[in-house]
Amino acid sequence: MSSAISREQSKKRPREPKPAWGWRVTGVILGLVLTLVGAGAVFLNGVQGVQATGLVGTRGTFTVDYCLDTNPSRKNSDYECGGDFLPRGATADDVWSGRLENADDYAAGEKRDVVESWVGSEGHFREVGVGATLGSVVWFGIGLAILAMGAFQVRKWVKSFTR
């Protein structure tokens, strides 16, 4: 004789409760923001890293006229220098005035190897060399990590709508 009540355990997995709808939307939005910030950092530092190698762009010599610390807190110096840029192979008549970004406190008259910046407005220059390239590579890697975190969050929260 068989009973209508089975004593066997159900083989179905109990469902985990879904997070509230508002939390899921918030998760998707924050994931999208992280993805966009990461993509921006990857793009910006990719461009600046390629320029820092000196293989692309208008390369030349920047002669420093003055340097100013643009960080008023004085804890971390952030120098920007003004001066003249002379492209390679040009004459002294072809000098452009401009600013050297992410500089150190250079003495007036000091000459630096630079490239014209693609990112930002005209007349801005960036230093060329191993240090500048490594700095861009580090920030490129941080941008990749942020991009991956954002993509994971978007995927995770979008999946929560379809379960």
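Is Glu 80 buried, exposed or partly exposed? In this predicted model, Glu 80 is partly exposed, with a relative accessible area of 26%. The side chain of Glu 80 meets that of Arg 99 in a salt bridge, at 3.5 Å from N to O. This pair links distant parts of the chain, as Arg 99 belongs to strand β3 and Glu 80 to strand β2, 19 residues apart. Arg 99 is likewise partly exposed, its relative accessible area being 40%.

The strands that hold these two residues are also paired with each other. Strand β2, residues 79–87, and strand β3, residues 96–103, run antiparallel and are joined by six bridges. Within this pairing, Gly 82 has Arg 99 of β3 as its bridge partner. Strand β3 also pairs with strand β5, residues 124–127, here in the parallel sense and over two bridges. Arg 99 stands opposite His 124 of β5, and the bridge partner of Leu 100 in β5 is Phe 125. Arg 99 thus appears in the pairing with Gly 82, in the pairing with His 124 and in the salt bridge with Glu 80.

Strand β5 has a further partner in strand β4. These two strands run antiparallel and are joined by three bridges, and Val 115 has Arg 126 as its bridge partner in β5. Both faces of β5 are covered. His 124 and Arg 126 lie on one side, Phe 125 and Glu 127 lie on the other, and all four are buried.

Glu 127 also takes part in a salt bridge, formed with Arg 112, in which the closest N and O atoms are 3.0 Å apart. This pair again links distant parts of the chain, with Glu 127 in strand β5 and Arg 112 in strand β4, 15 residues apart. The relative accessibility of Glu 127 is 17%, so this residue counts as buried, the limit for that class being under 20%. Arg 112, at 24% relative accessibility, counts as partly exposed.

Across the whole structure, a search finds six salt bridges. Side chains of opposite charge can pair when their charged atoms come close. One of the salt bridges joins the side chains of Asp 113 and Arg 59, at 2.5 Å from N to O. Because Asp 113 lies in strand β4, residues 111–116, and Arg 59 in strand β1, residues 59–69, the pair ties together parts that are 54 residues apart in sequence. Asp 113 is partly exposed, with a relative accessible area of 29%. Arg 59 counts as partly exposed too, at 21% relative accessibility. Both residues belong to a network of salt bridges that links Arg 59, Arg 88 and Asp 113.

Attention now turns to the helices. The 32 residues of helix α1 should span 46 Å at 1.5 Å a residue, and the C-alpha atoms at its ends are 46 Å apart, which agrees. Just after α1, Gly 54 takes a positive phi of about 85°. Val 33 lies in helix α1 and counts as partly exposed, at 44% relative accessibility. The C-alpha atom of Val 33 is separated by 9.8 Å from that of Ala 151, although the two residues are 118 residues apart along the chain.

The largest pocket holds about 190 Å³ of space. The elements that give two or more residues to its lining are α1 (21–52), β3, β5 and α2 (130–162). Helix α2 gives the most, with five residues. The lining includes Leu 44, Asn 45 and Gln 48, together with Glu 101 and Asn 102. Arg 126 and Glu 127 also line the pocket, and these two residues are among those of β5 that are buried. The remaining lining residues are Gly 131, Ala 132, Gly 135, Ser 136 and Trp 139. By class, the lining has three nonpolar, six polar and three charged residues. Glu 127 therefore has two roles in this description, counting as buried at 17% relative accessibility and lining the largest pocket.

Conventions
Residues numbered from 1 in each chain as written. Predicted model: local features only at pLDDT ≥ 70, side-chain atom pairs only at ≥ 80, totals over all residues. Heavy atoms only, no water. Pairing = 2+ DSSP bridges. 1 Å grid on protein atoms, 1.4 Å probe; cavity = no way out; pocket = protein on both sides within 12 Å on 5 of 7 lines; lining within 4 Å. Points joined across faces, edges and corners; volume = space filled by probe spheres on them. Nonpolar A, V, L, I, M, F, W, Y, C, P; charged D, E, K, R; others polar. Salt bridge = Lys/Arg side-chain N within 4 Å of Asp/Glu carboxyl O. Buried < 20%, exposed > 50% of the residue type's maximum accessible area, 1.4 Å probe, protein only. Expected span 1.5 Å × (residues − 1).
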